[in-house]
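Please walk me through this structure, taking a few of its helices in turn and explaining how they are placed against their surroundings.

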Amino acid sequence: APVTDVQFGPMRLHQDQLQVLLVFAEEDDQSSGFRWACDKAGFRCNIARTPQSALECFLDKHHDIIIIDHRHSRYFDAEALCRSIRTTKASENTVIICVVQRHTDREESSILPLISAGFTRRYVENSSRMACYNELIQLEFGQVQAQFKLRACNSLFTALEKSQEAIEITSEDHVIQYVNPAFERMMGYQIGELIEKELTEVPINEKKADFLDTINSCIKIGKEWQGMYYAKKKNGDSIQQNVKILPVIGQGGKIRHYVSISRLCNDNNKVEKTCECIQAESQTDTQTCRHKDMRKGSLDVRSTTSRGSDGSSQRRRSSMARVHSMTIEAPITKVINIINAAQESSPMPVAEALDRALEILRTTELYSPQLGTKDEDPHTSDLVGGLMTDGLRRLSGNEYILSAKQTHQVAGSLSSPISLNDIPPRITQAMENEEQWDFDIFELEAATHKRPLVYLGLKIFARFGICEFLNCSESTLRSWLQVIEANYHSSNSYHNSTHSADVLHATAYFLSKERVKQTLDPIDEVAALIAATVHDVDHPGRTNSFLCNAGSELAILYNDTAVLESHHAALAFQLTTRDGKCNIFKNMERNEYRTLRQVIIDMVLATEMTKHFEHVNKFVNSINKPLAALEENGNNGDGESIKTVLRSPENRILIKRMLIKCADISNPCRPREQCIEWAGRISEEYFAQTDEERRQGLPVVMPVFDRNTCSIPKSQLSFIDYFIIDMFDAWDAFADLPNLMEHLNNNIKYWKGLDGRNLRVLRPPP
């Protein structure tokens, strides 16, 4: 289709070729009809099969029209997808069509649920090519062209916002609808104090009745008025202005708005300059009203209460207070807190608009860590450098070859695993209290000769009914666990199968907490347990920064981005699917497998530390604070409101990421002896990396981890202070984990005690 021009008042707008996004899980006559119609109309067309690919494609292309298939809910939730798209700023002027089934045997259903989900209109399925073509043409010259004009209003409002003249726009009934920043500065009011107030309610004008009658008699017949005018500022001061008031003709040929342009009398700028920019307001009313957020409540997250008045509630209140005083805040967190505070004194329309802004901020990729001043501590800065960056550029010709050509253990090369019923008594005894947080993983490690993952995995997976969900045999699961454990490096002091078993245990413990059980579906539980099992498979005992600096094959393969986490996830599926003997997914239905696979991958990638603060901040702002606000407002009994927060697809993703992150680095929340053992193991692994970096002439990523000079207590305190406290305060406020927080506090005291005595070792001397 040729590029067209659209007339919009005095503006001539240039409209490019329209872009259409078709979201259909499968190709059928309906999607083919729309594709043919796009070709005939000359529109650019993209096709997406999943909600995730649809959202990614839209954020890349910014389509004018999106057509979503709502006929088959088994593939995806069309309304949830529409809501997700509508949370993005790019969708503000997008027309979204819902394709629904044709029902001839039942009464017509209401369109209101579709409208509230964000759809513009619905299309009752009709695969006729001409019907699809006619629909697109009607959209082009109807809603699309109207939205195109509304997009142009952004430039007009930019002109208003930047204008040096004070501008005020009122309705035909003299109700204030807009003032620009220059007006606020001149008159001393904030816009929230004026919007939706009648002129007579605000002491702006000197009440000279005959003078005002003269002005009204002029503007009510459609003529502009200009002259000297005395106005009163908010503080009571009287100022003289040169004012021009213009009536704006709108719907039905009637005056719909009045525009007042003012400047102080000592301002030599010409008043006429901005007059031609004003008429857009009358055409944007409909959109402003249509997109107004309907939620009436506003969240005050500066103080929070908990579910009850018992001791646990007091502790949770304290925990939430810590959440709100987090010292490591992304800039977006500060913005959200400022908006929340502003809502308290704002009139309802402004509070609703701010609610809408908060909703967008919480679901858009705006979270980045802000390190503050803690990085002045060398232990902290080294940990941040080692865990949250992808390394320096290579300074050496040496190459660190890892895994790309390595032979991995497969099912056929391993001895046949034993059954759950044949586990030796010592191992059974070591796993007796595996449902408790204080379970001793090191006792199991010793009893199994460093093969705890197979045995603990068999027991936990049986407890959660994983074989039944996957429709696989116990022997397949046993083979799979053995293959995965065989591909952990027992030579690593920390990142070995004992760490994997420890994370699996923590994951299972968190999944048993009531709030988590309310939130997640069975498929989420299965994904979480599998992700925990494989999350560090084939870990080389070196950080991502080391691999990038060394120019390893894995770093090259994954473009220096989430190198290890990408490798763990990819290898886990390669090991699983290459041999039917250990393929626990082989009997799953295709779509269910795809969903499970995506959740596992997302959770494994969430363990990468470069996005640590993003995940924590999103969790706090999207889950902790809304739940706290509901509880504070007395809605803790309102199950539906809480369910809405917990069960939204976006929030469930955040909860699953937070769950595996907390499980992955929960060592400081374990009983003291376990905490000390883990601290010694991770320190040894970092010491070994520093040794190798110096041998190979590579950049030393974490210089404080020199085995001859390192203070283990200081490094633990830095790690806890920087990464652990805020995250576990947030997770505790959600999942209620008093025993973990008690261990954490005791371990902090222990490390501080050693550090206070200037001891650099794990334990005090006898």
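Angles between helices are given here from 0 to 180 degrees between N-to-C directions, with each axis being a line fitted to C-alpha atoms over the stretch in contact. The model is a predicted one, and a good place to begin is helix α1, residues 29-41, whose axis comes within 8 Å of that of helix α5, residues 129-162, and crosses it at roughly 55°. Because angles from 35 up to 65 degrees fall outside the parallel and perpendicular ranges, α1 is oblique to α5. On the side of α1 the contact is made by Q30, G33, F34, W36, A37, C38, K40 and A41, and these meet R129, M130, C132, Y133, L136 and I137 of α5. Sorted by class, this contact has ten nonpolar, two polar and two charged residues, and the crossing itself is right-handed.

Helix α2, residues 51-61, has A54, C57 and F58 among its buried residues. They lie on the same side of α2, because the arc they cover around the axis is only 100°. An α-helix has 3.6 residues a turn, so residues three or four places apart point the same way. The elements that cover the buried residues of α2 include the strands β3 (19-23), β4 (44-48) and β5 (65-69), together with helix α3 (78-86). After α2 comes H62, which has a positive phi, near 55°.

Further along the chain, the axes of helix α23, residues 563-577, and helix α24, residues 590-606, come within 8 Å and cross at roughly 145°, in a crossing that is right-handed. Here E565, S566, H568, A569, F573 and T577 of α23 are in contact with Y593, R597, I600, I601, V604 and L605 of α24, a set with seven nonpolar, three polar and two charged residues.

Key:
Residues numbered from 1 in each chain as written. Predicted model: local features only at pLDDT ≥ 70, side-chain atom pairs only at ≥ 80, totals over all residues. Heavy atoms only, no water. Helix = DSSP H or I, 4+ residues; strand = E, 2+ residues; numbered from the N terminus. Parallel < 35°, antiparallel > 145°, perpendicular 65-115°, else oblique. Left-handed = near helix turned anticlockwise from the far one by under 90°. Contact = heavy atoms within 4.5 Å. Nonpolar A, V, L, I, M, F, W, Y, C, P; charged D, E, K, R; others polar. Buried < 20%, exposed > 50% of the residue type's maximum accessible area, 1.4 Å probe, protein only. Arc of directions from axis to C-beta.
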